[in-house]
Amino acid sequence: MANSDPLLLRNARLPDGRHADVLAVEGRIERIAPDIGAPERCIVMDAAGGLVLPGMVDGHLHLDKTLYGDPWMPHPAEPDRDSRIRVERELRKHYDRSVEERAYGLVRHAAALGTCAMRTHVDIDTEIGLANLHAVLAVREKSRHLVDMQIVAFPQSGVVRSPGVAALLDAAIGDGADLIGGIDPIGFDGDLAGQFDTLFDIADRRNVGVDVHLHESGPTGLRELAALANRTKAAGMQGRVTASHAFCLGNCRPVALQRMGELLVGAGVSVATHGGGASPLPPVKALRAMGVTVFAGSDNIRDAWSPFGDGDMLERAMLMAWRSGFRTDEDLGVAFDLVSGAGAAVLTFADHGIAEGGRADFFTVQAETLAQAVVDRPRRSLVVKAGRIVARDGAPTAD
């Protein structure tokens with residue numbers, strides 16, 4: 001199928017329950033209506049009454065860390081962050097496959113499950129320098145037909161506590177990373193002002209966004225999150241900064257949550273969550289009601305940090321719903337939005353969705369409703385990226 005060939009999806013069930021055909025031309029949804037006539041050289045597919053849904057967005061993962069597709073590795077690290085970092089630094093010296101091979105394999109798998117875009121954090125430290133970044137940049141170029149990819153230069157080993165990392169982060173942006181990352185400026189780096197000075201200085205000079213891992217809970221986490229919001233507003237970077245995890249929002253009192261929600265909205269700071277089983281979960285509906293943009297990602301996928309995950313964002317929606325206590329169809333729709341529309345908005349895809357004129361990024365499943373799709377996580381019958389079929393029955397088509 002050539003990129004220029006129109007694609008006509010017949011007999012599809014739309015998210016609102018209607019039945020119609022969907023015509024994609026030049027990477028866009030040109031028309032949604034019953035009984036559309038097939039244009040010349042059109043590829044015609046029968047959805048067989050399957051539900052067509054917009055492509056999903058993995059808003060937070062670590063492609064360079066994954067061991068997905070490798071033989072099973074027992075999880076060797078202790079539960080604490082420092083142990084995981086130490087173990088990972090040792091293990092990565094002995095991996096059989098390259099970062100590029102492992103990352104590309106995961107991208108192909110995720111795309112076959114309906115992911116059309118992702119934001120990946122890539123380790124930058126003084127031991128590996130920019131090697132992982134260059135590997136993931138190669139993967140981004142190789143997989144442009146499968147996903148849109150944003151790359152965060154992520155200082156896994158710290159910024160202030162790791163001399164030389166600041167210069168590497170700056171160089172990473174020069175080499176093609178899209179955002180500057182950070183990690184626990186108080187709990188890990190021990191210097192809130194120092195880390196944020198570095199991150200926001202680079203972001204300002206390079207004109208890029210910021211995405212900071214904030215794992216701390218309690219007063220420390222709230223202090224970090226408030227500082228991030230205040231820095232964002234002072235720098236005029238509203239809409240370009242994300243607090244990843246923000247566990248502190250999951251166990252704070254209602255008054256503190258309200259105050260922090262107002263601060264985040266005023267600063268235009270979004271929140272990324274992965275719904276980790278042992279971590280405090282930010283209250284999705286309460287934050288959304290305040291106007292905070294909350295979206296979801298896989299985080300670690302089969303690596304030294306976690307043995308879980310396979311990049312299936314429909315399953316991630318189910319896990320978010322499960323942890324949030326969602327039961328109604330409306331709430332299950334919220335769970336899906338976390339892995340689709342909300343993430344697309346943060347990654348600045350303004351035309352995401354099943355609508356005429358929108359991106360032709362969608363997939364089909366055998367389900368009666370969106371809520372059922374979240375609960376059942378059916379096989380993805382057909383996956384389309386930019387109007388091109390990239391997977392059938394859960395398996396990638398040939399590159």
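Colleague: How much space lies in the largest cavity?

Modeller: The largest cavity offers about 40 Å³. A cavity here is a set of points on a 1 Å grid over the protein atoms alone where a 1.4 Å probe fits but cannot get out. Points are joined across faces, edges and corners, and the volume is the space filled by probe spheres set on them. Keep in mind that this is a predicted model, where local features need pLDDT of at least 70, side-chain atom pairs count only at pLDDT 80 or more, and totals for chains, interfaces and linings use all residues. Residues are numbered from 1 along each chain as its sequence is written, and side-chain values use heavy atoms, with hydrogens and water left out.

Colleague: How many cavities of 30 Å³ or more does the structure hold?

Modeller: One. Its lining has 13 residues, and Gly114, Cys116, Phe362, Val383 and Val384 are the closest to the centre. A lining residue has an atom within 4 Å of a point.

Colleague: Which elements give two or more residues to that lining?

Modeller: Strands E7 (115-123), E14 (362-365) and E15 (382-385) do. E15 contributes the most, three residues. Helices (H or I, at least four residues) and strands (E, at least two) are DSSP runs, numbered from the N terminus.

Colleague: How do the lining residues divide between nonpolar, polar and charged?

Modeller: Eight are nonpolar, three polar and two charged. Nonpolar covers Ala, Val, Leu, Ile, Met, Phe, Trp, Tyr, Cys and Pro, charged covers Asp, Glu, Lys and Arg, and the others, Gly among them, count as polar.

Colleague: Let's zoom out. What does the secondary structure come to?

Modeller: The protein has twelve helices and 17 strands. Its C-alpha atoms fill a box of roughly 65 × 50 × 40 Å along the principal axes.

Colleague: What radius of gyration does the protein have?

Modeller: It is 21 Å, which agrees with the value near 21 Å for a compact globule of 399 residues. That radius is taken over C-alpha atoms, and the globule rule is 2.2 Å times the number of residues to the power 0.38.

Colleague: How many of the residues count as buried?

Modeller: Of the 399 residues, 57% do. Buried means under 20% relative accessible area, exposed over 50%, and partly exposed in between (1.4 Å probe, protein chains only).

Colleague: Take helix H10. Where is valine 334 found, and is H10 mostly covered or uncovered?

Modeller: Valine 334 is found in H10. H10 runs over residues 329-338 and is mostly covered, with seven of its ten residues buried. Among them are Asp331, Phe336 and Leu338. Valine 334 is buried too, at 14% relative accessibility.

Colleague: What does valine 334 touch?

Modeller: Leaving out residues up to four places away in sequence, valine 334 touches Val284, Arg288 and Phe326; contact means heavy atoms within 4.5 Å. Between the C-alpha atoms of valine 334 and valine 87, which are 247 residues apart along the chain, the separation is 37 Å.

Colleague: Different topic, backbone angles. What is phi of alanine 246?

Modeller: Near 45°, a positive value in a residue other than glycine. Alanine 246 sits in the loop between strand E11 (241-245) and helix H7 (254-267). At 1% relative accessibility, alanine 246 is buried.

Colleague: And asparagine 11, what phi does it have?

Modeller: Asparagine 11 has a positive phi of about 55°, although not a glycine. This residue lies in strand E1 (residues 7-13). Asparagine 11 is partly exposed, with 37% relative accessible area.

Note on methods. 1 Å grid on protein atoms, 1.4 Å probe; cavity = no way out; pocket = protein on both sides within 12 Å on 5 of 7 lines; lining within 4 Å.
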